[in-house]
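This report looks at charged side chains, nonpolar packing and cysteines in one protein chain. The sequence and structure come first, and the discussion follows.

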Amino acid sequence: MMDTGGKVIFGQFRTAPLSESQLDFHGQPYSVSVLKVGYCLPQTDGSFKADGTITLITGPRTILVDTGGPWDRDFLLMTLKERGLEPGDIDFVVGTHGHSDHIGNLSLFPTAVIIVGYDISEGDTYRPNKLAEGHPYSIDEHVSVVPSPGHTGQDVSVQVKGASAGTVLVAGDLFECCSDEDSWRDLSMNIAVQEVSRQQALCVADVIIPGHGLPFRVLRNRTDPGGLD
């Protein structure tokens, strides 16, 4: 990976970070909105402050991807209310993996179908699925939950087709941020597996929403200016 002209190079792909004004990706039938941009900030004592990105997908189904940490409870409820939503309006809650800064508010959504890693449950009933075998779980023809292990053993991402920006991938900690080559390996349970998952994501996504930073655009050729419609 190298940085040139403000764009990050991943092998045959370039990526370009988007701005804080580019957090909404409209489309038909689904739109994707980043409610909170995650962060990871090293501290001088060797600890770090972190919170996961929270993303809302709206359309025929209403889907929340990652809920932030428990400290985000009031923020999450307020932000949903500002969009005319109550917890009971959420059809699916997807936790991209089991870390506390990504699934800290699952209890707010008892009526939703809950997907955390490779587990899919509705109340106390767990649904059979093939995520552990490498197969996606389709919510419908436009939205699917895709296995993307490496950061942990059971990470998933959410792929949304049909946005104005193209295919949007809500990736959890598959990517820490746009320019994460120096950091993701230190946080990976299996570097080789995560590298494969990252390359697969770069092949299919036009925009990636990472776990701890602003969304970024995937550029596949030198003529792509990296802008959004």
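The text below treats the salt bridges, then an unpaired acidic residue, then the nonpolar cores and finally the cysteines.

The model is predicted, and every value given here is computed from it.

**Salt bridges**

The count of salt bridges comes to 9. One of them joins K36 and D51, whose closest N and O atoms are 2.8 Å apart. K36 belongs to strand β5 (residues 31–36) and D51 to strand β7 (residues 48–51), so this pair ties together parts that are 15 residues apart in sequence. Both partners are buried by the cut-off of under 20% relative accessible area: K36 has a relative accessibility of 18%, while for D51 the relative accessible area is 0%.

A further group of charged residues, made up of D180, E181, R185, E195 and R198, is linked in a network of salt bridges. Within this group R185 forms a salt bridge with E181, at 2.9 Å from N to O, and R185 also meets E195 in a salt bridge, at 3.5 Å from N to O. Because R185 lies in the loop between β17 (166–172) and α3 (191–204) whereas E195 is in helix α3, the R185 and E195 pair ties together parts that are 10 residues apart in sequence. As for accessibility, E181 is buried at 16%, R185 is partly exposed at 31%, and E195 is likewise partly exposed, at 26%.

The salt bridges named above are set out here.

| Pair | N to O distance |
|---|---|
| K36 and D51 | 2.8 Å |
| E181 and R185 | 2.9 Å |
| R185 and E195 | 3.5 Å |

**A buried acidic residue without a partner**

Which side chain of opposite charge is nearest to D101, and how far away is it? That side chain is K36, at 10 Å, and D101 has no salt bridge although it is buried. A salt bridge requires the nitrogen and the carboxyl oxygen to be within 4 Å, so a separation of 10 Å does not qualify. D101 is found in helix α2 (residues 100–103). Beyond its neighbours up to four places away in sequence, D101 touches A50, D51, G52, G68, G69, W71 and H212. One of these contacts, D51, is the salt-bridge partner of K36.

**Nonpolar cores**

The largest nonpolar core holds 29 residues, of which F25, I57, I63, V145 and V158 touch the most other members. The elements that contribute two or more residues to this core are β5, β9 (63–65), β10 (92–95), β11 (113–116), β15 (143–147), β16 (156–163), β17 and β18 (207–210). The largest share, 4 residues, is supplied by β16. When neighbours within four places in sequence are set aside, I57 is in contact with Y30, S31, V32, T62, I63, V65, V158, V160 and V170. Another core lies apart from this one and has 13 residues, among them I54, V93, L108 and F109.

**Cysteines**

How many disulfides does the count give? The count comes to 0. For C40, the nearest cysteine sulfur is that of C177, 8.8 Å away, and C40 is partly exposed, with a relative accessible area of 30%. For C177, the nearest cysteine sulfur belongs to C178, at 7.2 Å, and C177 is in no disulfide. C177 is partly exposed as well, with a relative accessible area of 23%. A disulfide needs the two sulfur atoms to be within 2.5 Å, so the separation of 7.2 Å between C177 and C178 does not meet that cut-off.

Notes: Residues are numbered from 1 along each chain as its sequence is written. This is a predicted model: local features need pLDDT of at least 70, side-chain atom pairs count only at pLDDT 80 or more; totals for chains, interfaces and linings use all residues. Side-chain values use heavy atoms; hydrogens and water are left out. Buried means under 20% relative accessible area, exposed over 50%, partly exposed in between (1.4 Å probe, protein chains only). Lys and Arg count as positive and Asp and Glu as negative; His and the chain ends are not counted. Contact means heavy atoms within 4.5 Å. A nonpolar core is a set of buried Ala, Val, Leu, Ile, Met, Phe, Trp, Tyr and Cys residues joined through side-chain atoms within 4.5 Å.
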